[in-house]
Every structure is written in structure tokens, then in C-alpha cells.
Amino acid sequence: MTSSTGTSAARPEPHHDVDLAQVMFRRADIESRRAAMYAAQADQERAAGLSGLERRARERDAVISTVVLVQASVEAFINWTHIQAAHTVNSMNFTKRAEAVTTSVAILNPAAEAFAWSEAENDFFTELTKWRNFLGHSSATSRDWLRELLVSRGEVPHGASDSQMMELLTAPLAARFVDTARTLMARASGATGTGAPFSNGAWHAPDELAEPLLEDPSALRSLLRVVLRRTGMLSLPADELSRELDQQRAGRIGLWVRWRPGRRRRPGRWAVDRG
């Protein structure tokens, strides 16, 4: 079977059992959840009279990761569909490869009704691609394409700056991208008879949603105390101890940071003793 977009041959056997679309979709789902967590923390800080800026920055980072991973997951799903159908699509354009799924579905499931992406799904592909290009390439053309789309949808005013567009990268956008991608890939997989990425039961470990241990000052001090109980003294570079010095000046914390002068032309060092 052939099409204007490519050719087909005997269906190949997969060379491995790694579903790249699922791997990246699972990470996208985790990043989306982290974005929601940071957004809630930012709201809590602002309610307490703080700025919440650091939490908001982390939220935006997680949203950016979500957008990039969702696009990569959808593209991997589409490519795997073509591979399963032994349908070689000549175009490297994401939108063209998505359109060619119609042919791959017909190859994989000839008895099924003709498959085509809906207008809303095609609109999502356009939005996803423009956000991905804006974030990944940051060329003038990529910025203008996204700006035109957002202006046409009333999400930013005419002549909006890059910063105004970046303000749209919030946890709700990440959640919408994940949900939309999950739904459209599940619909396509129903037509092809092959699997699609999923999030239900996708074994999210608790530590994947938690912050790294050493980013929490109290956790860092707790870790140092454990080390000191075992060694009696610990020497670290000054930059790693600056936060401990601030805590020490504020009051007793169970650690004592002091400068040990060098001897016999050896440089001095910071040392941490039991407090």
C-alpha cells in the first residue's frame, strides 16, 4: 500500500520493548504534577505576605518541561504508529507526519472506519508545535508564529512581548496539554489496535514529586548532623557552608562552623564541628 506521503512494506518486528512515547509521557505527567505543586506553594507564600517568586519560577520550569515532553511523546507515538504499519513517511514535518497517521491506521486495521484527526486535535498539534518551537528555537520566526496564534485566540494583546507570552506557562496549561495528548493518543490507538501512552497506574514514585533533599536547608543540616555523629568533624568548601553560617548567626542549630587557619603554608579551610 502506498500514499502520497510515503510507502509501506512488510510489517517489521520491533527491535526492543522500549515504548519511548510512554517513557516521555510519564515524565511529562510528573512534571505537570510538580508544576501544580509549585503553584500551590506559591499561592501559600503570597497568602503569607511573601513574594512566591521562587516557587513561581519552579512552576514555570516544570511547565516548560511538560510542554517539551508532551510534544516529544506525541511525536514518538505517531512515529511508532508508522513503524508498526511499515509506512515510511518522507516528510520530517511533525504536522505532515501526524496527517499521515490516516494511512497507517488503514494499514494496521483495514476493517476499521477511516481515521482522521478532528479539527480540535489538529489545532492542538499546531499549538503544541508553536510552543515547542518558541521554547526550543527562540528564533524571531518561532516567536512571531506563537504570538500570532495567541493574539488570534485573545490570550495576549497585539504586539505582546515574549515575557507576556511566557506568563501563560502555568500549571493549568501543563495539565491541559497532558490531558489533551492522552485523550487523542488513546483515540488513535483504538483505531490502530496498538497501545498508547497512559498515566493511570503509571507508577509515579513519591520521591519523583518531592523536592531534592539537599534543596531544603533543614534537611541539609539534618544530613550534616548524621555525618558529624559518625565522624566527629567534617570539612567542606566555604561556599557550601555559607547557608550554615547564616543559620549559626541566627542561633544555635547543633552545628558549629569555624575557620581553621592553615599551617606550614597550607591554605586554611572551613570546618564543621558538633555544636
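Visitor: Is W80 buried, partly exposed or exposed?
Guide: Let's start with W80 in this predicted model. Its relative accessible area is 32%. A residue counts as buried under 20% and as exposed over 50%, so W80, at 32%, is partly exposed.

Visitor: Which helix holds W80, and how far is its C-alpha atom from that of L20?
Guide: W80 has its place in helix α2. Along the chain, W80 and L20 are 60 residues apart. In space, the separation of their C-alpha atoms is 8.8 Å.

Visitor: What about A76: is that residue buried or exposed?
Guide: A76 is found in helix α2, which covers residues 53-84. The relative accessible area of A76 is 14%. Since the cut-off for that class is under 20%, A76 is buried.

Visitor: Which residues does A76 contact, leaving aside neighbours within four places in sequence?
Guide: A distance helps to set the scene: D19 is 57 residues from A76 in sequence, while their C-alpha atoms are 8.6 Å apart in space. With the neighbours within four places set aside, the contacts of A76 are L20, A21 and M24.

Visitor: Could we step back to the whole chain? How many helices and strands are there?
Guide: Happily! The chain has 275 residues, and 37% of them are buried. Take the contacts between residues at least 6 apart in sequence: 63% of these join residues at least 24 apart. As for secondary structure, the count is eleven helices and six strands.

Visitor: At what angle do the axes of α2 and α4 cross?
Guide: Two packed helices are described by the angle between their axes and the distance between the axes. Helix α4 spans residues 101-108. Its axis and that of α2 come within 9 Å, and the crossing angle is roughly 40°.

Visitor: What word describes the way α2 and α4 lie to each other?
Guide: Angles under 35 degrees count as roughly parallel, and those from 65 to 115 as roughly perpendicular. The crossing here is at roughly 40°. That value falls between these two ranges, so α2 and α4 are oblique.

Visitor: Which residues of α4 meet α2, and how does the contact divide by residue type?
Guide: The crossing of these two helices is left-handed. On the α2 side, I78, T81, H82 and Q84 take part, and they meet V101, S104 and L108 of α4. By type, the residues of this contact are three nonpolar, four polar and no charged.

Visitor: How do α2 and α5 pack, and at what angle?
Guide: The axes of α2 and α5 are 10 Å apart, and the angle between them is about 125°. That angle makes the pair oblique. The crossing is left-handed, and its angle, once more, is about 125°.

Visitor: How do the residues of the contact of α2 with α5 divide by type?
Guide: From α2 come I64, V67, V68, V70, Q71 and V74, while α5 brings F124, F125, L128, W131, R132 and L135. Sorted by type, they are ten nonpolar, one polar and one charged.

Visitor: Let's turn to charges. How many salt bridges does the structure hold?
Guide: Side chains of opposite charge can pair when their charged atoms come close. One of the salt bridges is between E31 and R27, at 3.9 Å from N to O. The number in the structure is 15.

Visitor: How many helical turns separate E31 and R27?
Guide: Both residues belong to helix α1, residues 20-47. E31 is buried at 13% relative accessible area, whereas R27 is partly exposed at 29%. Because they are four residues apart in the helix, the separation is about one helical turn.

Visitor: How far apart in sequence are the parts tied together by E127 and R176?
Guide: The side chains of E127 and R176 form a salt bridge of 2.7 Å, N to O. E127 is in helix α5 (residues 119-136) and R176 in helix α8 (residues 171-192), so the pair ties together parts whose distance in sequence is 49 residues.

Visitor: Which of these two is buried, and which is partly exposed?
Guide: The relative accessible area of E127 is 3%, and that of R176 is 32%. The cut-off for buried is under 20%. So the buried residue is E127, and the partly exposed one is R176.

Visitor: Which helices are linked by R143 and D162?
Guide: The side chains of R143 and D162 meet in a salt bridge, at 3.2 Å from N to O. The two residues are 19 apart in the chain, and the helices they link are α6 (residues 140-152) and α7 (residues 162-166).

Note on methods. Residues numbered from 1 in each chain as written. Predicted model: local features only at pLDDT ≥ 70, side-chain atom pairs only at ≥ 80, totals over all residues. Heavy atoms only, no water. Salt bridge = Lys/Arg side-chain N within 4 Å of Asp/Glu carboxyl O. Buried < 20%, exposed > 50% of the residue type's maximum accessible area, 1.4 Å probe, protein only. Contact = heavy atoms within 4.5 Å. Axes fitted to C-alpha atoms, helices over the stretch in contact; angles between N-to-C directions. Parallel < 35°, antiparallel > 145°, perpendicular 65-115°, else oblique. Left-handed = near helix turned anticlockwise from the far one by under 90°. Nonpolar A, V, L, I, M, F, W, Y, C, P; charged D, E, K, R; others polar.
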